[in-house]
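This report describes one protein model, beginning with a single residue and ending with the chain as a whole. Please keep the sequence and the structure in view while reading.

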Amino acid sequence: MKISPVVWGGVSFAALFCVVQASGQTLGNWSTARNDAGHAGVQKAEKIITKDNLSSEFKFLWKIKLGTAAGDSRSYSEPLLIPRLINAHGFKDFVIWAGPQDVYAVDSELGTMLWQKHYDAAPAASCGISNMAMLMEPPAVINFGARRAPGTPPPQPQPPLAVSARRVGVSAGGGGFGLKGIYVLTADGYLHEQVVATGADFAPPVKFLPGPGGVSKGISIEGKTLYSVTSSGCGAENALYAIDVNSPSYPVYRYSTNAVPQLVAMGPTLGDGVAYVVTGKGSTDASAGIYSNSIVALTPDAKVKDWFTPAGEGELHNVTPVAFTYKQKKLLVAPGKDGSFVLLDAESLGGTDHQTPLAQTASISKVNEDAPSALAVWQDAAGAAWVFASIPGQVDAAKFGMTNGLVSHGSIVAFKIEDEGGKWLLAPQWISHDFVNPAPPVIANGMVVVLAQGNASTHAKLFLLDAANGKELYSSGDSIGTYAHMAGVAVGDGHVFFVTHDNMLYSFGIGLEH
């Protein structure tokens, strides 16, 4: 694919300019795993899919094969969504997904391929199949209500950078928005940046992770700092890495936990310049900043800022925390010991003794490090904060006030965050009906989107639940031909996307008239 840098630079800027001018609000972007740095798992912009139109309009739309599947991936992956870009064929809505060596961009309305980018770096055979980690820089937040003072001239756009001046992470010029890029971390540890509209290289890649290989457990971004985590074996170690792409020297910082695994599946959770990781079983070494079975908070230069280690015996399960602000308080919901969940003050994890959460649930499920999960947080119209979790295996239904049927394989559970005179609670609300291997939940327009991934003998099913009570609103039935593995769901602009284990990208939603 040979494209003039001047042409594709102009195209990308025009695309962003048209996006912002046409919308006046955030569109259905899904820029990273769980859709934001805090891993909230919420699509706030979704207005097209409603509880009223599910039965009449929401349906299977299309599917497309993305390369040849070589086996179940060891890494979690989620499509990215970038609406209203412009390329040589006009305005397009992009859904982008990364396999082990290729990134695919598909027209999200038509289900046709827009471009494909291949990377020569391949995971080592001993590492198994691992999809590349990718993310898009978060879309710019623009105040459309702002007005310039009378007589103040509009800001002048900067000219596009020369090709020789471009580097990964730098502002490209060519207007207030520049080129829109996607970061891709390949198996050789190099960080690439591609132009969304075309897939073209923006700049030469930068070395991020050490060694010739290793499986990345996702990437996260906040500001101009990118984070990734690796696990021991496969030429890597248990470590978090942070790279500052704002600096031309690209300094990389490392937090190593030696034999203690970091239970991260989709990049560390980020919030206000802090990265949060969950650690597994092993030996604590406080002098080296290593805390087993803990939630550890790290600065952008990978130094330990704080930590929470639950009191008593037991282990943490592999659940990605969620960081958010509620009632002007910065909070974190994370796994507790023995299948419980904890609510933490993000500015003082565990208090002065590093062991005291703001609130903790009872144990509701068995710990399973091999089945990574995630949380989602949502604030309803009345202002109440809800937390949702996907649970593999059986759940103690007696802990919940509302159930929706017998659960034997897995479920979605819901809690409310309550503040009673300064005493915080994670109050159990409801448990869904049975799901086989539920993927992390996603919230959109008052509904919980759930992909029951199935297994080798059971095909996947897509469900939409009422977020207030867990009751089923929609089921895809037999529309999905096979199972999914380590799959995430992306929602935006009236569509739901996911990829099954055979690299088939599915689209469900409300189609547009053509």
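Is glutamine 262 buried or exposed in this model? The model is a predicted one. Glutamine 262 counts as buried because its relative accessibility is 1%, and buried means under 20%.

**Surroundings of glutamine 262**

This residue lies in the loop that links β14 (252-256) and β15 (269-271). Its side chain forms a polar contact of 3.4 Å with the side chain of threonine 257. When neighbours within four places in sequence are set aside, the residues in contact with glutamine 262 include Lys217, Asn238, Tyr255 and Val278.

**An open sheet**

Elsewhere in the description, an open sheet of 6 strands follows the order β19-β24-β25-β27-β28-β26, and its pairing is mixed. Its edge strands, β19 and β26, each pair on one side only. The residue ranges of these edge strands are listed below.

| Edge strand | Residues |
|---|---|
| β19 | 319-320 |
| β26 | 402-403 |

Within the sheet, strand β25 (residues 385-392) and strand β27 (residues 410-420) run antiparallel and are joined by 8 bridges. Phenylalanine 388 has alanine 414, in β27, as its bridge partner.

**The whole chain**

The protein chain contains 2 helices and 35 strands. Of its 514 residues, 56% are buried. Among contacts between residues at least 6 apart in sequence, 56% connect residues at least 24 apart. The chain exposes about 20,600 Å², of which carbon and sulfur atoms supply 52%.

How values were computed
Residues are numbered from 1 along each chain as its sequence is written. This is a predicted model: local features need pLDDT of at least 70, side-chain atom pairs count only at pLDDT 80 or more; totals for chains, interfaces and linings use all residues. Side-chain values use heavy atoms; hydrogens and water are left out. Helices (H or I, at least four residues) and strands (E, at least two) are DSSP runs, numbered from the N terminus. Buried means under 20% relative accessible area, exposed over 50%, partly exposed in between (1.4 Å probe, protein chains only). A polar contact is a pair of N or O atoms within 3.5 Å; within protein, one must be able to donate a hydrogen and the other to accept it, and residues adjacent in sequence count only if both atoms are side-chain atoms. Contact means heavy atoms within 4.5 Å. Two strands pair if DSSP finds at least two bridges between them. Accessible areas come from the Shrake-Rupley method with a 1.4 Å probe; for residues, only the protein chains shown count as cover.
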